[in-house]
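Biologist: Could you take me through one helix of this model in close-up, and then show me how it fits into the rest of the chain?

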Amino acid sequence: MAGTRKPVVEVRRSQRRRRTVSAYRDGERVVVLIPDQFSRAEESEWVDRMLARLAAREGRLARSDAELLARATRLINLYLSEHGAAAAPASVRWVTNQNGRWGSCTPADRTIRISHRIQDMPDWVIDYVLLHELAHLIVPSHNAAFWALVGRYPKSERARGYLEGVAATTGVPLTD
Ligand SMILES: [Zn+2]
């Protein structure tokens with residue numbers, strides 16, 4: 001998964017830079033900008049330092065779309081593994097325009113959207129909502145086969161109770 005793999009680093013030396021070093025992610029690569037006068041040893045020391053800094057910064061944004069996909073992959077392996085590619089979404093992302101639902105799934109194009117409203121909920125609740133939508137890739141309707149898949153997740157009932165409680169207290173009739 002993205003984040004655990006060591007990124008490809010591109011070092012750019014600048015004659016205008018004197019002491020400042022900066023780094024940013026550009027797709028799969030990390031670009032590190034360093035002063036031209038840096039020695040090779042300084043370059044390697046700063047690359048390590050900037051990668052660590054970047055990882056720490058990204059850790060604070062852990063609930064990103066990339067993290068959601070990593071989470072989905074883990075859930076598929078744990079609970080839906082015999083379905084293989086049939087359970088794999090084409091995309092999973094957080095959305096802010098979905099106020100009446102925790103999550104939604106379009107089996108036709110295999111996309112899953114998860115409401116930002118659950119972003120601050122406990123991990124086990126997010127896992128339930130995500131597994132629910134992944135199960136819809138295999139069984140679109142809420143029939144017995146569907147609930148049997150969702151029921152493989154040990155905290156399904158507890159998570160449904162949690163979400164019902166939130167829906168009741170916020171007065172928003174949230175559905176799945
Ligand atoms: Zn559903």
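Modeller: Let's start with what packs over helix H2: the cover on its buried residues includes E4, E6 and H3. Keep in mind that this is a predicted model. The residues being covered are Leu68, Arg71, Ala72, Leu75, Ile76 and Tyr79. Look down the axis of H2 and those buried residues sit within an arc of 140 degrees, so they line one face of the helix. That fits the general pattern: an α-helix has 3.6 residues a turn, so residues three or four places apart point the same way. The length of H2 checks out too, because 15 residues at 1.5 Å a residue should span 21 Å, and the end C-alpha atoms are indeed 21 Å apart.

Now step out to the core. The largest nonpolar core has 33 residues, and Leu80, Ile112, Ile114, Ile118, Leu130, Leu134 and Leu163 have the most contacts inside it. At least two residues each come from H2 (65-79), E4 (91-95), E6 (111-115), H3 (123-138), H4 (144-150) and H5 (156-170). H3 is the top contributor, with 10 residues. Leucine 134 is a good place to zoom in: beyond its neighbours within four places in sequence, leucine 134 contacts Ala72, Leu75 and Ile76, as well as Leu80, Ala87, Pro89 and Ile112. Of these, Ala72, Leu75 and Ile76 are among the buried residues of H2. There is also a second, separate core of 11 residues, including Val21, Val32, Trp46 and Leu54.

Serine 104 is worth a stop as well. You'll find serine 104 in strand E5 (residues 103-106), buried at a relative accessible area of 5%. Setting aside residues up to four places away in sequence, serine 104 touches Gln98, Thr111, Ile112, Arg113 and Glu133.

Zooming right out, the chain has 5 helices and 6 strands, running β-β-β-α-α-β-β-β-α-α-α from the N terminus. With a radius of gyration of 21 Å, well over the 16 Å that the globule rule gives for 176 residues, the chain is more spread out than a compact globule. Its C-alpha atoms fill a box of roughly 65 × 40 × 25 Å along the principal axes. The domain assignment gives domain 1 (8-61) and domain 2 (65-170), and the centres of domain 1 and domain 2, over C-alpha atoms, are 37 Å apart. Buried residues account for 36% of the 176 residues. As for contacts between residues at least 6 apart in sequence, 49% join residues at least 24 apart.

Note on methods
Residues are numbered from 1 along each chain as its sequence is written. This is a predicted model: local features need pLDDT of at least 70, side-chain atom pairs count only at pLDDT 80 or more; totals for chains, interfaces and linings use all residues. Side-chain values use heavy atoms; hydrogens and water are left out. A nonpolar core is a set of buried Ala, Val, Leu, Ile, Met, Phe, Trp, Tyr and Cys residues joined through side-chain atoms within 4.5 Å. Buried means under 20% relative accessible area, exposed over 50%, partly exposed in between (1.4 Å probe, protein chains only). Helices (H or I, at least four residues) and strands (E, at least two) are DSSP runs, numbered from the N terminus. Contact means heavy atoms within 4.5 Å. Domain bounds come from an automatic or database domain assignment. The expected span of a helix is 1.5 Å times one less than its number of residues. The arc is that of the directions from the helix axis to the C-beta atoms. The radius of gyration is taken over C-alpha atoms; the globule rule is 2.2 Å times the number of residues to the power 0.38.
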